[in-house]
Amino acid sequence: MSGKFCISLTRAKDDTDRATVAFVIANAALGCEQDTMVFLSTEGVRLAVQGYADDIHEDGFAPLSELITNFVEADGTILVCSPCFKKRSLDEGNLIAGAKIVGGAKLVEFLASGSPCVSY
């Protein structure tokens with residue numbers, strides 16, 4: 001086993017249920033002592049912008065902003081697809097703590113080390 005776990009998230013306010021569950025699973029992976037990375041692409045990159053997730057709260061789950069904060073504070077990694085972020089004309093100066101804009105090669109590198117990946 002690689003000891004790594006990847007979650008690929010392509011959703012945000014267009015599917016708040018998937019976005020929320022992705023971070024629930026990400027936190028669970030950290031709780032299982034996995035080096036966990038969430039890769040945000042397409043619409044998911046919006047979650048890396050400060051304040052964007054503040055009003056997302058699916059019934060039965062903690063608010064998404066809280067799930068994201070808990071993930072980052074527990075040393076989870078959030079990587080943000082650079083071309084997806086730029087396509088949406090988002091402000092790199094307004095990233096949430098712990099998010100890093102990267103190219104797709106970083107995702108490939110993480111997965112090439114043997115990490116399983118689930119997608120939402």
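Where is V49 found? In this predicted model, in which local features need pLDDT of at least 70, side-chain atom pairs count only at pLDDT 80 or more, and totals for chains, interfaces and linings use all residues, V49 is placed in the loop between β2 and α2. Residues are numbered from 1 along each chain as its sequence is written, and side-chain values use heavy atoms, with hydrogens and water left out. Helices (H or I, at least four residues) and strands (E, at least two) are DSSP runs, numbered from the N terminus.

V49 has a relative accessible area of 16% and is therefore buried, where buried means under 20% relative accessible area, exposed means over 50%, and partly exposed lies in between (1.4 Å probe, protein chains only). Contact is taken as heavy atoms within 4.5 Å, and, when neighbours within four places in sequence are left aside, V49 is in contact with F85, L90, N94 and I96. Of these partners, F85 is 36 residues from V49 in sequence, and the two C-alpha atoms are 9.8 Å apart in space.

The loop between α3 and β4 contains E92, whose C-alpha is 8.2 Å from that of V49 although 43 residues separate the two in sequence. With a relative accessible area of 45%, E92 is partly exposed, and its contacts, leaving aside neighbours within four places in sequence, are with F85, K86 and I101. I101 is also a partner of S82, which is in contact with I101 and V102 when neighbours within four places are again left aside. S82 is found in helix α3 and counts as buried because its relative accessibility is 14%; S82 and V102 lie 20 residues apart in sequence and 5.3 Å apart in space, C-alpha to C-alpha.

Two packed helices are described by the angle between their axes and the distance between the axes. Here, the axes of helix α1 (residues 16–31) and helix α2 (residues 64–73) come within 9 Å and cross at roughly 25 degrees, the axes being lines fitted to C-alpha atoms, for helices over the stretch in contact, with angles that run from 0 to 180 degrees between N-to-C directions. The two helices are therefore roughly parallel to each other, on a scale in which angles under 35 degrees count as roughly parallel, over 145 as roughly antiparallel, 65 to 115 as roughly perpendicular and the rest as oblique. The crossing of α1 past α2 is left-handed, that is, the near helix is turned anticlockwise from the far one by less than a right angle, whereas a clockwise turn would be right-handed.

On the α1 side, this contact is formed by A19, T20, F23, V24, A26, N27 and L30, which meet L64, L67, I68, N70 and F71 in α2. These residues divide into nine nonpolar, three polar and no charged, with Ala, Val, Leu, Ile, Met, Phe, Trp, Tyr, Cys and Pro counted as nonpolar, Asp, Glu, Lys and Arg as charged, and the others, Gly among them, as polar. N27, in helix α1, touches L67, N70 and F71, not counting residues up to four places away in sequence. By contrast, N27 and D91 are 26 Å apart in space, C-alpha to C-alpha, and 64 residues apart in sequence.

In soluble globular proteins, nonpolar side chains tend to be buried together. The largest nonpolar core in the model has 38 residues, and those with the most contacts inside it are F23, L40, L47, L64 and I78; such a core is a set of buried Ala, Val, Leu, Ile, Met, Phe, Trp, Tyr and Cys residues joined through side-chain atoms within 4.5 Å. Two or more residues are given to this core by each of β1 (4–9), α1, β2 (35–40), α2, β3 (77–81), α3 (82–87), β4 (99–102) and α4 (104–112), and the largest share, six residues, comes from α1. Beyond its neighbours within four places in sequence, F23 is in contact with L9, V38, L47, L64, L67, I68, F71 and I78.

Two residues that are not glycine have positive phi values, about 60 degrees for E33 and near 55 degrees for S89. E33 is found in the loop between α1 and β2 and is exposed, with a relative accessible area of 71%. S89 belongs to the loop between α3 and β4 and is likewise exposed, at 67%.
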